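Student: I should like a close look at a single part of this structure, followed outward into its surroundings. Please set that part within the chain as a whole.

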Amino acid sequence: MSPHRNGNLSEMPLQEFVLDGFEGGPQTQALLFALFLALYMVAILGNLTMIVLITLDARLHSPMYFFLKNLSFLDLCYSSVIAPKALVNFLSSSKVITFEGCATQFFFFSMMGTTETLLLAVMAYDRFVAVCSPLRYPISMRTSVCARLVLGSYCGGCLNSGVQTILTFSLPFCSSNHINHFFCDVIPLLQLTCTSTAVNELVLFAVCELIIVGTTLVVLTSYGYITGTILRMRSGGGRHKLFSTCSSHMTAVSLFYGTLFVMYAQPGALESMEQGKVVSVFYTLVIPMLNPLIYSLRNKDVQDALRRLGQRHTAT
């Protein structure tokens, strides 16, 4: 791949990219390695614990925890698509990723992110049916319906990811092979092309806004009805339990949707990559680490299940 005299790459097909990551010398890279490693290990431990706990405890075999187990699985995969390569690059001088490896990372990152966005809306709908139509809940949210909702979330994630991956990696990359990020994301990739990206940007913003705004409306509508129902309840204990459960979900939704909107659902995102790297750390590592804590610390059923699992382990 021969460079032009101006330092740019020729229009020959790229075989590899370089992930520039964060600026700084060896000491800074070592600190970032330690930070990423700590976040990733806590995310793995927390999400694996939630998956094992919900699988083993029969009292948690309900639609809400079925969705929560799938959320933990998505968070586990989501962070694992990004963190291992980033950790290797912090200790490496080359920071190279192949063209195929970059496309694969981008596809799974986009798929997991879109699927999680849709799943959070499904979880809001589940709480809406449970609180506002409790008598219909066992039928409305039977096992087959829950499985189809989760499958639909994955299908939506694959569809969006497939479109974004094809549109992005069919572009000619000739301005440089250096990606100004610590993983293969759409915005820094679009900055490397030597042709118009108007169609890609239009599709990106249109799809992201459709997904984020659409699912946000589902969440807000669901919790609007839920709030009204809870306020009409006479039992103070019942109100407190429902508010505690629903507030955990609202916290997770607010964190995830907020960061996605900052990155992808506004045109100015293309012009703020340094800030975007920090935001990306938040939604690829911090949120997957926080979600198990959010749902376990504010959920008595999960706390009781943890206690039972600990007692069972001690007894054996």
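Tutor: The account below takes the β-sheet as its subject and then follows the chain into the neighbouring aromatic groups and nonpolar cores. The model is a predicted one.

The overall framework comes first. The chain holds 10 helices and 3 strands, and in sequence order these elements follow the pattern β-α-α-β-α-α-α-β-α-α-α-α-α. Of its 316 residues, 50% are buried. When contacts between residues at least 6 apart in sequence are considered, 78% of them join residues at least 24 apart.

The 3 strands make an open sheet with mixed pairing, in the order β2-β1-β3. Its edge strands are β2 (96–98) and β3, each of which pairs on one side only. Between β1 and β2 the pairing is antiparallel, through 3 bridges; here Phe17 stands opposite Ile97 of β2. Between β1 (residues 16–19) and β3 the pairing is parallel, over 2 bridges. On that side Val18 has His178 of β3 as its bridge partner, and Leu19 stands opposite Ile179, also in β3.

The edge strand β2 deserves attention residue by residue. Lys95 belongs to the loop between α2 and β2. Its phi is near 55°, a positive value in a residue other than glycine. Lys95 counts as buried because its relative accessible area is 15%, below the 20% limit for that class. Thr98, by contrast, lies within strand β2 itself and is classed as partly exposed because its relative accessible area, 40%, falls between the limits of 20% and 50%. The contacts of Thr98, leaving aside residues up to four places away in sequence, are with Gln15 and Glu16. Thr98 and Phe17 are separated by 81 residues in sequence, yet their C-alpha atoms are 6.0 Å apart.

The path from β2 continues into helix α3 and its aromatic contacts. In the whole structure, 20 aromatic pairs are found. One of them joins Phe99 and Phe173 in an edge-to-face arrangement, with 6.4 Å between the centres and 65° between the planes. This pair connects distant parts of the chain, 74 residues apart: Phe99 is in helix α3, whereas Phe173 is in the loop between α5 and β3 (178–179). With a relative accessibility of 5%, Phe173 is buried.

A further aromatic group is found beyond β1. Ring pairs connect Phe22, Phe36, Tyr78, Phe90, Phe109, Phe182, Phe183, Phe256 and Tyr283 into a cluster. Lys277 is positioned over the face of one of these rings, that of Phe22, at 6.0 Å from the ring centre.

Several members of this cluster reappear in the nonpolar interior. The largest nonpolar core has 67 residues, and those with the most contacts inside it are Phe36, Phe67, Leu68, Leu119, Met123, Phe182 and Tyr283. Helices α1 (26–56), α2 (63–90), α3 (99–132), α5 (143–169), α7 (198–231), α8 (236–264), α9 (273–297) and α10 (300–315) each contribute at least two residues to this core. Helix α2 gives the most, with 15 residues. Apart from this core there is a second one, of 19 residues, which includes Cys102, Phe173, Cys184 and Cys208. Phe173 thus belongs both to the second core and to the aromatic pair with Phe99. Phe36, in the largest core, touches Phe22, Ala86, Leu87, Phe90, Phe182, Val281 and Leu285, not counting residues up to four places away in sequence.

The database record supplies a further layer of context. An unreviewed UniProt entry lists residues 30–54, 66–86, 106–125, 145–167, 202–226, 247–266 and 278–297 under "transmembrane region". In the model, the span 66–86 is 100% helix and 0% strand, with its end C-alpha atoms 31 Å apart. The span 202–226 is likewise 100% helix and 0% strand, and 35 Å separates its end C-alpha atoms.

Key. Residues numbered from 1 in each chain as written. Predicted model: local features only at pLDDT ≥ 70, side-chain atom pairs only at ≥ 80, totals over all residues. Heavy atoms only, no water. Core = buried A, V, L, I, M, F, W, Y, C linked by side-chain atoms within 4.5 Å. Buried < 20%, exposed > 50% of the residue type's maximum accessible area, 1.4 Å probe, protein only. Helix = DSSP H or I, 4+ residues; strand = E, 2+ residues; numbered from the N terminus. Contact = heavy atoms within 4.5 Å. Phe/Tyr/Trp six-rings, centres within 6.5 Å; stacked < 30°, edge-to-face > 60°. Lys NZ or Arg CZ within 6 Å of the ring centre and 35° of its normal. UniProt positions renumbered as here; feature names shortened; annotations may be inferred. Pairing = 2+ DSSP bridges.
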